[in-house]
Amino acid sequence: MPRYAKILILLPLSLLLATCQGLPGEQGPAGPGTRIVLSGALEIGPGIEVQLPPEAGTMDDPPVIACYVGPYSDTDAYREYPCDFKDAQDGTHIVVGLPGVDIQPPGYPDRNYRIVAVY
């Protein structure tokens with residue numbers, strides 16, 4: 001059998017086999033936990049501090065957090081912003097701080113923050 005004939009037979013066969021799928025696998029483990037998103041408008045001041053609910057954790061067992069500030073353009077894009085936690089004065093919950101995000105640059109008067117916590 002000529003070489004081109006083998007290619008003509010094997011190419012469609014390989015494309016057909018590439019589209020086949022096996023049986024679905026087992027369900028993976030559950031995700032990390034509960035996710036909450038806290039958001040609000042930035043205001044002029046020394047920064048933002050937001051209290052997490054008590055079930056979100058303690059300073060000894062804190063949640064995973066990510067903080068964002070935006071929008072930075074007409075596309076409503078948010079950028080990640082550094083944030084940290086501290087213990088509340090009464091010790092019952094965690095406070096997430098975004099220091100120095102009080103600046104409202106020209107052209108973006110309605111900038112907001114978003115804090116995502118997973119616990």
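Let me start with strand β1, residues 35-41, and strand β7, residues 112-118, which in this predicted model pair in the antiparallel sense over seven bridges. To find your place on the structure in front of you, take arginine 35, whose bridge partner in β7 is valine 118.

Strand β7 also pairs with strand β3, residues 64-70, and here again the sense is antiparallel and the bridges number seven; one of the positions to look at is valine 69, which has tyrosine 113 in β7 as its bridge partner. From β3 we can step on to β4, since three bridges join these two strands, which run antiparallel, and tyrosine 68 stands opposite glutamate 80 in β4.

Put together, these strands make an open sheet of four, in the order β1-β7-β3-β4, with antiparallel pairing. At the edges of that sheet are β1 and β4, the latter covering residues 79-81, and each of them pairs on one side only. From one strand to the next, the twist averages 30°.

Now to the other sheet I would like to show you, which is open as well and is formed by three strands in the order β2-β6-β5, with antiparallel pairing. Because β2 (47-51) and β5 (84-87) stand at the edges, each with a single partner strand, one side of each is left without a neighbour in the sheet. Neighbouring strands here are turned by 30° against each other on average, if direction is ignored.

Within this sheet, β2 and strand β6, residues 94-99, pair in the antiparallel sense over five bridges, and a useful position to find is glutamine 51, which stands opposite valine 95 in β6.

Technical notes
Residues are numbered from 1 along each chain as its sequence is written. This is a predicted model: local features need pLDDT of at least 70, side-chain atom pairs count only at pLDDT 80 or more; totals for chains, interfaces and linings use all residues. Side-chain values use heavy atoms; hydrogens and water are left out. Two strands pair if DSSP finds at least two bridges between them. Axes are lines fitted to C-alpha atoms, for helices over the stretch in contact, and angles run from 0 to 180 degrees between N-to-C directions.
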